[in-house]
Amino acid sequence: MDGQELLRCERIAVSLAFEAGLMMKSASGRNKEISEKDSFADLVTETDKAIEKFLFTELKRQFPDFRFIGEETSAGVGLTVDPTWIVDPIDGTMNFVHTFPFTCVSIGLTVNKVPVVGVVYSPFLSKLYTARKGWGAYCNGQPLSVHKSCKSLNEALLLCEFGNQRDEEKRNAVFRNLEAVGWLSHSVRCVGSAALNLCCVADGSADAYWEFGLHVWDMAAGSLILTEAGGVVMDTKGGPLDIMSRRVLGACNRNIADELGRALPIHLELERD
Ligand code: IPD
Ligand code: CA
Ligand code: CA
Ligand code: CA
């Protein structure tokens, strides 16, 4: 796919993200249908479903040959080398339900299983993050850069997540990891959106983020935005990121990434997407 095609993909993804943002804003605080998925903390609203349907319809219309993976309709579909739109209609559904503003729509495009376009739009924070592979990352049109001067965990603001699962293995991993690295850092925040966490490291407002249990639609777009902003995304144990692996470590630089990876005592191996 050449530069012009990538640019067209990004422009269409941005316009669809704005439409999705309007749908989120008009439904905020007025969700009639909220259901539980795998646990009482894993929710889906009618708006998640409506936005995914809208994005699927529009992307299929404009890119009939591309594949599509969306959280609410095609979990478990598998990633191929074909161009694939990977969509999270609302990242931060729990926040959306509670009207806590850290929610976004995330639209990524992969080719050969590698993210090449990433668009993350948060309508309540009025932030549009975009990236194309090799062309840098932007927030509201301004070039993004990670926090370059952060040298070690003891001067880093970290992000992590509780996630949506409520089983013992997950609980043990979340709290043991938090206990191990929380005290070594400036502090830890859990704001409830994996995609925005990656974008916060990209824009320098946080220094690193780790999570076990997230999915490909949580990280396809955000991982590109972070690498294009000059940051590092990797497996929690230090190898290259596998976006189907259900785990991620993103950081403003390699030192912080390696230090955080080494400091985490538990590295969950979860069933792949
Ligand atoms: C979730 C959010 C949350 C993260 C979970 C994700 P959803 O996405 O990103 O912050 O901890 O792993 O599943 O369900 O709100 O789209
Ligand atoms: Ca969800
Ligand atoms: Ca998500
Ligand atoms: Ca979602």
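**Notebook: annotated site and helix packing**

Entry 1. I began with Glu71 and, setting aside neighbours within four places in sequence, found contacts with Glu52, Asp88, Pro89, His215 and Trp217. The model I am reading is predicted. I then placed Glu71 in the chain: the residue sits in the loop between strand E3 (67-70) and strand E4 (84-91). I recorded Glu71 as buried because 23 C-beta neighbours fall inside 10 Å, and the cut-off for buried is 20 or more.

Entry 2. I turned next to Asp88, one of the contacts of Glu71. Asp88 belongs to strand E4. Asp88 has 33 other C-beta atoms within 10 Å, so I entered this residue as buried too. Not counting residues up to four places away in sequence, I listed Glu71, Val105, Ser106, Ala195, Trp217 and Asp218 as touching Asp88. I noted that Trp217 appears among the contacts of Glu71 and also among those of Asp88.

Entry 3. I looked up which residues the UniProt annotation "binding site" covers. The record, an unreviewed entry, gives Glu71, Asp88, Asp91 and Asp218. These positions are spread over 148 residues of sequence, yet they cluster in space, with a largest C-alpha distance of 9.6 Å.

Entry 4. Asp218 led me to helix H6, where this residue takes part in the contact with helix H5. I found that the axes of H5 (residues 194-202) and H6 (residues 216-228) come within 8 Å and cross at roughly 5°. The two helices are therefore roughly parallel. From H5, I listed Ala194, Ala195, Leu198, Cys199, Val201 and Ala202 at this contact. They meet Asp218, Met219, Ala221, Gly222, Ser223, Ile225 and Leu226 of H6. By class, I entered ten nonpolar, two polar and one charged residues for the contact of H5 with H6. Ala195, on the H5 side of this contact, is also among the residues touching Asp88.

Entry 5. I closed with the chain as a whole. I noted seven helices and 14 strands. Taken along the principal axes, the C-alpha atoms fill a box of roughly 50 × 40 × 35 Å. For 273 residues, a compact globule would have a radius of gyration near 19 Å, and the 17 Å of this chain agrees with that. I recorded 47% of the 273 residues as buried. Among contacts with a separation of 6 or more, 67% come from residues 24 or more positions apart.

Definitions and conventions
Residues numbered from 1 in each chain as written. Chains lettered and ligands numbered in written order. Predicted model: local features only at pLDDT ≥ 70, side-chain atom pairs only at ≥ 80, totals over all residues. Axes fitted to C-alpha atoms, helices over the stretch in contact; angles between N-to-C directions. Helix = DSSP H or I, 4+ residues; strand = E, 2+ residues; numbered from the N terminus. Parallel < 35°, antiparallel > 145°, perpendicular 65-115°, else oblique. Contact = placed C-beta atoms within 7 Å. Nonpolar A, V, L, I, M, F, W, Y, C, P; charged D, E, K, R; others polar. Rg over C-alpha atoms; globule rule 2.2 N^0.38 Å. Buried ≥ 20, exposed ≤ 12 C-beta atoms within 10 Å, placed from the backbone. UniProt positions renumbered as here; feature names shortened; annotations may be inferred.
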